[in-house]
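Dear colleague,

Here is the structure I said I would pass on. Please look it over first; my notes follow below it.

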Amino acid sequence: VISMPSQHNLVLAIDIGGTKTLVGLVDAQGTIQAQRRLTTDITGTAETHLAKCMEAAKACLIDAGRLKADVSGVGVTVPGLADRLRGVLVHAPYAGWNEVPVKAVLQNEWADTPVEIANDVNACALGELTFGNGRKFNHFIWVTVSTGIGSGIVVDRQIFEGESMIAGELGHVIVEWENGMPCGCGHTGCLEAHASGTAIRRMAERTIAESDRGAELARFIMDCNLDVSAESVAQAARSGIKEALEIYETAGRYLGRAFSYAANLLNPGGIVVGGGVSLALDLLAPAMRKTYRSSVIGESNRRIPIVPTSLGYEAGLLGAASLVYHQPPRMLK
Ligand SMILES: [Zn+2]
C-alpha cells in the first residue's frame, strides 16, 4: 500500500524521451523545484543511462537544498511499451532497449521508495489529469502529436489501459483508405502517417520536389537557413506561404477525422493536445474543427473543447510525477 505523500514531500520525476531526458523534483502542487536536462544516450545501455539519471537526481537535491529522505516516490516515463506491474521497460523501439528492469535498477539506489513506471503518453494524460486541463474532466483524451502520434484515454478519472494494456493507439486509426501513406506499424493510411510531425515534413518534401508549386516554400526554408521540418513549415505558414498553410490544413483535416471517431465512441469532456506539433495547433485548428464538427453526432460532442496542454514543455516530467501523486479516482459530479 502506497500512502499519499505529504505536501512537504517531493517526487523524483524522470521523463526519458527519445532524444532528451528531464530529471526533476516535483512537489504535490505540480511545482518543479529543480530540474536537469540530459541527452538520451541510445548508444549505450539503458542501465548506463539510468545511472546518469541518478547523478542528475542527486544534483537536483543539492540545487533544491533537499535530502534524499524528502523524496517519497519515484515516477519514470519511458518512450515505449512499459509493464507497470513488473516495473519493466518492455521495448523502446527508437533506442533499441528491451526488457529493462527499470524499477529494480532504481531501487538499488532508492531501496524503500516506491517506483512507478509508465509509457510516456499515458503519463502525460495522467499529468494533465492531476495538474493540468484534465482536472475539470471526468473523461478526456490526451493526444501527443510529435514525430509520431500517441494517445492516452482517461475514463472515470483514470487511465483506460485495455485488456492487454495497449489501448489508446489513436495514431494507428486509419484515416485514409484510398490514398494512404505507409506507416511505421506496417499498415497504410494511419493518422500518424498523415498528421504527425514526420508526415508534415514529408508533405513539405513532396511539395518542394514539385518545383513550380514548391518554389516559394523551398526559398523560405533556404533563406531562413532551416531544415525541412514541421517547425520550419509552421514558420512558413505563419509568414503566409500558401503551400505551407495547405500542408497544415491537410494534417488538421486528418486529425479532425480521428478525433471524431474517438468522440463518437467515448463522448469525452475534452481533447488535450501535446507534443511539439501542438505548438502549431492554431494552424491545424480551422480544418481540424470543421472536419470534426461535420462528422460527430450529438451536440455535446460537437461542443467539446480541443485544447493544447497547459503543462507546456514539462508535460512529460509532470506526468512522471503524477504516477506517484495520482489519487484513486474521485468523480467531479
Ligand atoms: Zn500505423
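One pairing to find first: Thr144 stands opposite Gly150 in S10. Please keep in mind that this is a predicted model.

Strand S9 (residues 140-145) and strand S10 (residues 149-155) run antiparallel and are joined by six bridges. Helix H8 (residues 242-266) packs on the sheet, where H8 touches S9, S10, strand S12 (270-274) and S13. The direction of H8 makes about 155° with that of S9.

The sheet itself is open and has five strands, in the order S11-S10-S9-S12-S13, with mixed pairing. Strand S11 (158-159) and strand S13 (306-308) are the edge strands, each pairing on one side only.

The other item is the zinc ion. Its protein donors are His172 (ND1), Cys183 (SG), Cys185 (SG) and Cys190 (SG), which lie 2.0 to 2.3 Å from the ion. Along the chain the donors follow the spacing H-x10-C-x1-C-x4-C. His172 and Cys190 each lie in the loop between S11 and helix H4 (191-195), so this pair ties together parts that are 18 residues apart in sequence.

As for geometry, the four donor atoms subtend angles of 103 to 122° around the zinc ion. The arrangement is tetrahedral because all of these angles fall between 85 and 135 degrees.

Two of the donors can also be described by accessibility. His172 has a relative accessible area of 26% and is therefore partly exposed. Cys190 is at 0% relative accessibility, so Cys190 counts as buried, the cut-off being under 20%.

Regards

Technical notes:
Residues are numbered from 1 along each chain as its sequence is written. This is a predicted model: local features need pLDDT of at least 70, side-chain atom pairs count only at pLDDT 80 or more; totals for chains, interfaces and linings use all residues. Side-chain values use heavy atoms; hydrogens and water are left out. Two strands pair if DSSP finds at least two bridges between them. Helices (H or I, at least four residues) and strands (E, at least two) are DSSP runs, numbered from the N terminus. Contact means heavy atoms within 4.5 Å. Axes are lines fitted to C-alpha atoms, for helices over the stretch in contact, and angles run from 0 to 180 degrees between N-to-C directions. Donors are N, O and S atoms within 2.8 Å of the metal (3.2 Å for Na, K and Ca); water is not among the atoms, so sites may look incomplete. Four donors count as tetrahedral if all angles lie between 85 and 135 degrees; four count as square planar and six as octahedral if opposite donors are over 155 degrees apart and all others between 65 and 115; anything else is irregular. Buried means under 20% relative accessible area, exposed over 50%, partly exposed in between (1.4 Å probe, protein chains only).
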